[in-house]
Amino acid sequence: MSRRPALVNRLVLTVAGLLLLAVGAAALVRGLGLYPRLFGASHTPVVDPAARAFADRHLWFWAALAATMFVLAVLALCWLAVQFRRDAAHAMRWGSDAPEGATTLSAHALTDALGADLGDSPYLRRSHVRLAGAPADPRLYLDVTADAHADPVAVRGGISHALHRLHRALEDERLPAIVYIRTER
Amino acid sequence: VTRAGDGAARAPSRGRATRRAFRPRRVVPAVVVAVLTAVAAFLVMVEVIAALVGRSAAVLPVTWLARLGRTAYWDDPRVLAGAAALAALGLFLLAVALWAGRPRAVTVRCEDPDVLMGLATPSVRRYAEDAATGVDGIVDATAVARRRRVRVRATSPLRDAEGLTDEVRRAVERRLDELALLRPPRLSVTVRSRGGGVT
């Protein structure tokens, strides 16, 4: 998984939490009459009559409110979309940066080869291989499920072997891999 | 080119990189907050636009809300309770955002500096349980695996199970060694004898 959604989620949740906390705390302070000078008197209506009159007189207030809500809804939907977007790459760049020598390698060719190699290991039940990142800066995500009682040394050996073969096939092109190993229940 | 020495030297940062790679992404709270925000903002927008063109969309209890705004006072207990709930929700979201969460995998040693390997924490637990039950005289074992600690509780039908503790510890240690964890966890073992069993 790419770490970008993790960062975005942390940031947005922090901002949302701070906002709610600030609004709630301010309302509490006002209601309890802790700082009447700063926050206003506690025994007053929540919606100030003056504010109501202002909103009633100015049409742009409502238009601005609708526009703000529209922007907020769109931003929330964008945030939602980030959660479900998979950071999948279709290809990786292979070989030198020379303009005439830029070869790209399809993600399918790569993940299929590695998947087949992993499938050859008798200890591995399932494997899921995914290429991610930009073509010039690819990453490989491996999700491997081993037998419940599989020898851990053999499991690691099988994975290392498959990755090693892939590296050799790529002629030592750098391809960082993130491997997640689990055993069957 | 082998860079095994390099990989070992970067061990701490590798551990951090793996932890980061397997850290929960807070997808569930993000989806919940995003959906609620989108729905609320959309409803308010629809209602305001409807009011602007001179009719009511009736998706929100507008008249009730307007009356509430006029009649509710800041020192009303209901308003105070609402404010407290809002602040508490804010604190909760902050906690969710700031608490990093337990990674779903522990780092496994790997010579290749380009490979980050993690073993699922439940798998560490199952391996430890397996090793403990493999010891003669142990019928059942449950383990709790964390990043830095593994606790094994084994049960034996033998009345005098004290002597088994060391044996279980050795067996589990051997298995943990095989897992080649970057930071070998501390191991604690207790063996209980199930009373009334075979002696």
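**Exercise 1. Overall form of chain A**

Work out how the radius of gyration of chain A compares with that of a compact globule of 185 residues.

*Solution.* Start with the yardstick: a compact globule of 185 residues would come out near 16 Å. Now look at chain A in this predicted model: its radius of gyration is 28 Å. Next, check the spans of the C-alpha trace along the principal axes of chain A, which are about 75 × 50 × 20 Å. Finally, list what chain A is built from: 6 helices and 5 strands, arranged along the sequence as α-α-α-α-β-β-α-β-β-α-β.

**Exercise 2. Where the chains meet**

Describe the contact between chain A and chain B, and find which element of chain A gives the most residues to it.

*Solution.* Begin by counting who takes part: 68 residues come from chain A and 63 residues from chain B. Then take the area: about 5,600 Å² is buried between the two chains, with carbon and sulfur atoms giving 69% of that.

Now go for the polar side of things. There are 23 residue pairs in polar contact between chain A and chain B, counting pairs with both residues at pLDDT 80 or more. On the chain A side, the elements giving two or more residues are α1 (4-31), α4 (59-84), α6 (152-169) and β5 (177-183). The winner is α1(A), with 18 residues. Sort the chain A side by residue type and you get 44 nonpolar, 14 polar and 10 charged.

**Exercise 3. A salt bridge across the chains**

Find the salt bridge between chain A and chain B, and say how far apart its closest N and O atoms are.

*Solution.* The count between the two chains is 1 salt bridge. Its partners are A:R174 and B:D114. Their closest N and O atoms lie 2.7 Å apart, and the cut-off for a salt bridge is 4 Å, so the pair passes the test.

**Exercise 4. Following the strands**

Trace the strand pairings, beginning with the one that links the two chains, and give the sense of each.

*Solution.* Step one: β5(A) pairs with β2 (residues 115-120) of chain B in the parallel sense, over 5 bridges. In this pairing, A:I181 has B:L119 as its bridge partner.

Step two: stay in chain B. There, β3 (residues 140-145) and β4 (residues 149-156) pair antiparallel over 6 bridges, and B:D140 stands opposite B:T155. β3(B) and β4(B) form a hairpin, with 3 residues between them.

Step three: move on from β4(B) to β5 (residues 186-193) of chain B. These two strands run parallel and are joined by 8 bridges. Here B:R149 sits opposite B:R186.

Methods:
Residues are numbered from 1 along each chain as its sequence is written. Chains are lettered from A and ligands numbered from 1 in the order in which they are written. This is a predicted model: local features need pLDDT of at least 70, side-chain atom pairs count only at pLDDT 80 or more; totals for chains, interfaces and linings use all residues. Side-chain values use heavy atoms; hydrogens and water are left out. Contact means heavy atoms within 4.5 Å. Buried area is the accessible area (1.4 Å probe) that two parts lose on being put together, summed over both. A salt bridge is a side-chain nitrogen of Lys or Arg within 4 Å of a carboxyl oxygen of Asp or Glu. A polar contact is a pair of N or O atoms within 3.5 Å; within protein, one must be able to donate a hydrogen and the other to accept it, and residues adjacent in sequence count only if both atoms are side-chain atoms. Helices (H or I, at least four residues) and strands (E, at least two) are DSSP runs, numbered from the N terminus. Ala, Val, Leu, Ile, Met, Phe, Trp, Tyr, Cys and Pro count as nonpolar, Asp, Glu, Lys and Arg as charged, and the others, Gly among them, as polar. Two strands pair if DSSP finds at least two bridges between them. The radius of gyration is taken over C-alpha atoms; the globule rule is 2.2 Å times the number of residues to the power 0.38.
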